[in-house]
Amino acid sequence: MTIDITLTVNGTARTVRVEPRRLLADVLRHDFALSGVHVGCAHGACGCCTVHVDGTPRLACLTFAVQCDGKAIHTVESLGGVDATHPLQQAFSIEHGLQCGYCTPGFLMTLAPFVDAMVAERRVPEDAEIREAMSGNICRCTGYHGIVAAVRRAVTEQIETGSAQP
Amino acid sequence: MRPSSFRYHKAESVDHALELLARFGEDGRPLAGGQSLVPMMNLRLAAPEHLVDIGGLPLTDIAFTDTAMRVGALVRHRQYLAEPRVAHHFPALHEAVTWIGHPTIRENGTTGGSLSHADPTAELALAAMLYDAVMIVRNTAGERRIAAADFFEDAYVTALQPGEMLVAAEFPLPPVGAAGAFVEFAERRGDFAIAAIGVSITVADGRIATAAIACSGAEPRPIRAPEIEMMLSGRPLTDPQSRAAGRRLAAAIDPVGTFLTTADYRKALIGELTARAIDTACARAASR
Ligand SMILES: Cc1cc2nc3c(=O)[nH]c(=O)nc-3n(C[C@H](O)[C@H](O)[C@H](O)COP(=O)(O)OP(=O)(O)OC[C@H]3O[C@@H](n4cnc5c(N)ncnc54)[C@H](O)[C@@H]3O)c2cc1C
Ligand code: FES
Ligand code: FES
């Protein structure tokens, strides 16, 4: 059995024919050539594969592509392009929030909406809140401190420069 | 790993879902948030032939009547935290939900999925036992209501029959002023609990009038502790003798050890969590 589905991925709609058993993560990587979608564990434990489905973070390894027919998907490629210009990406770079980078797309896609929400509230979160927000993502390299610092920086700088005003 | 092949059916309405489930019987399964079923399929622990995608059905409301809260099967875990009346009427349920997985899991996992999956230490299953929730179950022939105590039969086993679907869970409203607490111990933040305790109390004249205690981690399904509940009623909020209650519960249970925890460790842990949950609920009641 194959099914035709239409996904709007990073702003462009395209119809692809898929077997129902194919995971959204695999369809994005192979059919849409979006290698920023990383697969770490393929059972929900690491957060590497986090993308946005209709604006909400979701694990692409726990999602069948057929479930997303007609939906809008955003991957890390949509955040700040190849130059990684998004404020959270910049903050990751400055604060050493990554080393090998395998987990990074998942962290960014999990945390970007959290950062936006904090900036909209004009509130710098406690470290404990940041750690809770990223508790579903595993990083084997950094020890997490740099990632926490990056989130703090991304929120603080955007509040100070007055960007993302509500 | 990746799942084996299956046929996919998108349910356009509750009736459509029930027709599909009736047609496939043992070979069909609802797919809700996918947060438990898809990992099992990826690991090939489950290989259903037909998936009925109910994720888009409009069973997404938390609704209140004068006597009960009705939670639709497709309510996402996060919604409990966004609805102030949940914390107001069911403080232990509200606190329990903060312990379910991680934010991304709470965005996508559903009440119907969690209750039907029936993980032995699922927070919602414990809360359903604590608050005497009733499961509203449908098939093409009609509807039946199943008390939580009869619904959870064993680890990952419920009273649901092939062709049936949970459409809602109904939580009777506790008396005004009921206080509660939920405490849990897990190896890491967001992991399934090793053990958890929920407490709900009503209060009269500075004393516990009635108490409910639910426990996970003692048996392959959440249990109530009626003896401890009796013991607590009449005790002053300032001295509920929570340690004695914890010791008594620990002595009454017979948990199975796992590779992670011995049976004795679980007993000690459940005793301690019981004491803490009772103390927290009493302190909250006393501070009002
Ligand atoms: C990393 C991670 C951490 C997690 N941590 C926790 C945790 O700490 N505590 C916790 O409780 N859960 C946890 N979960 C599981 C999560 O809460 C799931 O959302 C929940 O167990 C299942 O809900 P679902 O909507 O995803 O159901 P699905 O995965 O879609 O379905 C689960 C099962 O229920 C059946 N089903 C679904 N809906 C219905 C229905 N309406 N009627 C009848 N049968 C139905 C399905 O056929 C399937 O057998 C975690 C999951 C992950 C991936
Ligand atoms: S690859 Fe999806 S959570 Fe690990
Ligand atoms: S940077 Fe290597 S896993 Fe996180």
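How many helices and strands make up the secondary structure of chain A? Chain A has six helices and five strands. The model is predicted, and the values below are computed from it.

**The two chains**

Along the sequence of chain A, the elements follow the pattern β-β-α-β-β-β-α-α-α-α-α. Chain B contains 12 helices and 14 strands. The table sets out some overall values for each chain.

| Chain | Residues buried | Box along the principal axes | Exposed area |
|---|---|---|---|
| Chain A | 52% of 166 residues | roughly 50 × 35 × 25 Å | about 7,100 Å² |
| Chain B | 56% of 288 residues | roughly 60 × 45 × 30 Å | about 12,300 Å² |

For a chain of 166 residues, a compact globule would have a radius of gyration near 15 Å, and the 16 Å of chain A agrees with this. The corresponding figure for 288 residues is near 19 Å, and chain B, at 19 Å, agrees as well.

Carbon and sulfur atoms supply 50% of the area that chain A exposes. In chain B, carbon and sulfur atoms supply 52% of the exposed area.

Contacts in chain A with a separation of 6 or more come to 57% from residues 24 or more positions apart. In chain B, residues 24 or more positions apart account for 62% of the contacts with a separation of 6 or more.

As for charge, chain A carries 13 positive and 17 negative side chains, with the centres of the two sets 5 Å apart. Chain B carries 28 positive and 33 negative side chains, and there the centres of the two sets lie 4 Å apart.

**The interface**

Chain A contributes 25 residues to the contact and chain B contributes 29 residues. Between them the two chains bury about 2,300 Å², of which 57% is on carbon and sulfur atoms. Which three residues supply more than any other three of the area that chain A buries against chain B? They are A:Arg21, A:Leu62 and A:Phe64, which supply 25% of that area.

**A:Ser135**

A:Ser135 sits in a loop of chain A, between helix H5 (127-133) and helix H6 (145-160). Is A:Ser135 buried or exposed? Its relative accessibility is 18%, and because the cut-off for buried is under 20%, A:Ser135 counts as buried. Apart from neighbours within four places in sequence, A:Ser135 is in contact with B:His102, B:Pro103 and B:Arg189. A:Asp69 is 66 residues from A:Ser135 along the chain, and the C-alpha atoms of the two are separated by 29 Å.

**Helix H8 of chain B**

Helix H8 of chain B covers residues 123-130. Eight of its eight residues are buried, so this helix is largely enclosed by the rest of the structure. The buried residues of H8(B) are B:Glu123, B:Leu124, B:Ala125, B:Leu126, B:Ala127, B:Ala128, B:Met129 and B:Leu130. An α-helix has 3.6 residues a turn, so residues three or four places apart point the same way. Just after H8(B) comes B:Asp132, with a positive phi of about 55°.

Technical notes: Residues numbered from 1 in each chain as written. Chains lettered and ligands numbered in written order. Predicted model: local features only at pLDDT ≥ 70, side-chain atom pairs only at ≥ 80, totals over all residues. Heavy atoms only, no water. Helix = DSSP H or I, 4+ residues; strand = E, 2+ residues; numbered from the N terminus. Rg over C-alpha atoms; globule rule 2.2 N^0.38 Å. Buried < 20%, exposed > 50% of the residue type's maximum accessible area, 1.4 Å probe, protein only. Contact = heavy atoms within 4.5 Å. Areas by Shrake-Rupley, 256 points an atom, 1.4 Å probe, with all protein chains shown as cover. Lys, Arg positive; Asp, Glu negative; His and termini not counted. Charge placed at Lys NZ, Arg CZ, Asp CG, Glu CD. Buried area = accessible area lost by both parts, 1.4 Å probe.
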